[in-house]
Amino acid sequence: MPPTTAPGAAEVARVQLPGAHAGLPGSEIELPVVIGSEDEHAVDVGRLRDRSGYITLDPGFGNTAACKSAITYIDGEEGILRYRGYPIEELAESSSFVEVAMLLIFGELPSKERLERFRGMLTDEQLLHEGMRYHFEGFPSHGHPMAMLSAMINACGCYHPELLSSEMDEERLLRATATLMSKVCTIAAFSYKMTMGRRMEYPDPSLSYCRNFLHMMFSKPHRRYEPPLQVVRALTKFLILHADHEQNCSTSTVRMVGSSGANVFASVSSGVCALWGPLHGGANMAVIEMLQQIHAGGDDPRTVVAKVKDKKFRLMGFGHRVYKNFDPRAKILEQTCSELLDVLGVSDPLLDIARELAGIALTDDYFLERKLYPNVDFYSGIILRTIGIPLNMYTVMFSIGRVPGWIAHWYELFRDPDRRIARPRQVYVGSGKRPYVPMDARG
Ligand code: CMC
């Protein structure tokens with residue numbers, strides 16, 4: 001049901017409904033058209049059922065805007081990504097992750113004073129309550145760090161009742177943001193140390209956000225880890241590029257949970273669970289597993305591509321629901337990856353295999369027809385591997401990057417005067433009414 005009025009001037013869409021077949025009042029109805037600030041057109045079906053008896057069906061929400069949002073803009077055809085209007089390329093080149101987080105959540109790049117104050121809050125929040133440390137001890141050492149992260153974020157809310165209030169204002173949000181952004185780093189590093197059977201390294205308040213995380217991950221009691229500048233820069237870019245991506249699966253989950261009035265800790269914790277799957281954030285881990293298999297003497301890249309075309313499996317790190325030309329994040333990360341390896345003077349055979357795979361796929365009709373290109377996860381794992389992050393923590397790294405985006409969306413929804421609990425409908429396709437069958441009469 002496309003809008004019938006010319007783009008730009010559209011105010012209503014006329015929709016023809018086949019009432020005669022459905023036993024519903026047929027005829028043409030007019031629906032309002034909402035136009036976004038970048039001239040995107042959406043038919044507002046909010047009153048469709050009231051006025052016609054029809055609902056819409058859109059599995060996977062490929063055609064459905066769940067909300068209006070002012071945080072992130074994507075043009076998938078042109079490969080454009082902007083946070084609050086700022087191109088991702090410029091932010092990745094010039095900003096710190098903490099600045100970008102503040103931009104996403106509060107809408108503007110912070111002044112020097114505001115940034116310094118927030119950095120101070122991040123430092124204040126680095127340590128975990130001793131009670132949280134006891135929680136850690138309850139996890140088996142082989143537990144998955146994503147399960148630990150999600151559980152610990154939710155538990156964190158129990159230690160901050162003042163941040164669960166429904167009176168969330170900007171000052172409280174600033175405190176909640178500092179708590180979540182700081183604690184996820186500490187939790188992630190603690191979970192790594194625990195799986196390694198090593199002593200947990202306390203955060204160092206004198207270090208920047210990224211350096212402190214690397215310190216907690218890699219310093220040892222007898223040897224402090226001093227990361228090369230290029231490693232800090234690559235990690236910063238990785239986090240900035242993962243910080244938000246509008247209504248993806250995990251962010252939509254955060255908004256869905258938040259729509260019930262759930263607090264920011266519970267909502268962000270649900271985002272971690274949604275991110276875990278291999279079609280979403282878990283793809284960064286799946287890409288490396290795929291490349292490792294090829295490297296270990298499994299199939300060569302051509303055979304892999306042939307199997308993908310036979311629908312035997314998906315090429316991980318390829319394809320995107322929104323990007324149909326290129327993913328700007330993948331472009332930046334490929335370059336970051338090359339620079340990092342060059343500066344450190346190391347080579348990674350997985351990067352060569354990734355490039356070979358991409359080269360074959362990008363000239364193959366199967367991929368061209370379906371507009372499948374490398375996405376953010378295709379090269380990011382090689383960066384994480386070079387930094388020394390263990391494979392089972394790749395999606396945790398994605399989560400650390402995405403926390404600001406989840407908070408930004410939670411708060412945008414929280415403040416929305418038109419907020420309603422998310423409650424989709426369904427088209428029931430099960431059995432019709434039938435009489436109950438007693439136990440002894442069942443076959
Ligand atoms: N390898 C091979 N074929 C693919 C791939 C792929 N990675 N992705 C999509 N296709 C094919 C799919 O088989 C289908 O073909 P056909 O029309 O013949 O049935 C067509 O392309 C459309 O696929 P779709 O499943 O309808 O696409 P979608 O928009 O529902 O899925 C996606 C998007 C990202 C889940 C999917 O491309 C995919 O599974 N990619 C691999 C996993 C991945 O890299 N995920 C990370 C996404 S980016 C970061 C993030 O969101 O976390």
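What follows is a conversation between a colleague and a modeller about a predicted model of a protein chain.

Colleague: What makes the radius of gyration of the protein chain agree with that of a compact globule?

Modeller: For 443 residues, a compact globule would have a radius of gyration near 22 Å, and the protein chain has 24 Å, which agrees. Along its principal axes, the C-alpha trace spans about 80 × 65 × 55 Å.

Colleague: Which share of the residues is called buried, and why?

Modeller: Buried residues make up 47% of the 443 residues, and they are called buried because each has under 20% relative accessible area.

Colleague: Why are Ala13, Val15 and Leu17 called buried, and where do the other side chains of strand 1 point?

Modeller: Ala13, Val15 and Leu17 point to one face of strand 1, which covers residues 12–17, and they are buried; that word applies because their relative accessible area is under 20%. Val12, Arg14 and Gln16 point to the other face and are not buried, so the side chains alternate along the strand.

Colleague: How do you know that strand 1 and strand 2 pair?

Modeller: Pairing needs at least two bridges, and six bridges join strand 1 to strand 2, residues 27–35, so the two strands pair, and they run antiparallel. Within this pairing, Arg14 stands opposite Glu30 in strand 2.

Colleague: What is known of the contacts between residues at least 6 apart in sequence?

Modeller: Of those contacts, which count heavy atoms within 4.5 Å, 70% join residues at least 24 apart in sequence.

Note on methods: Residues are numbered from 1 along each chain as its sequence is written. Side-chain values use heavy atoms; hydrogens and water are left out. The radius of gyration is taken over C-alpha atoms; the globule rule is 2.2 Å times the number of residues to the power 0.38. Buried means under 20% relative accessible area, exposed over 50%, partly exposed in between (1.4 Å probe, protein chains only). Helices (H or I, at least four residues) and strands (E, at least two) are DSSP runs, numbered from the N terminus.
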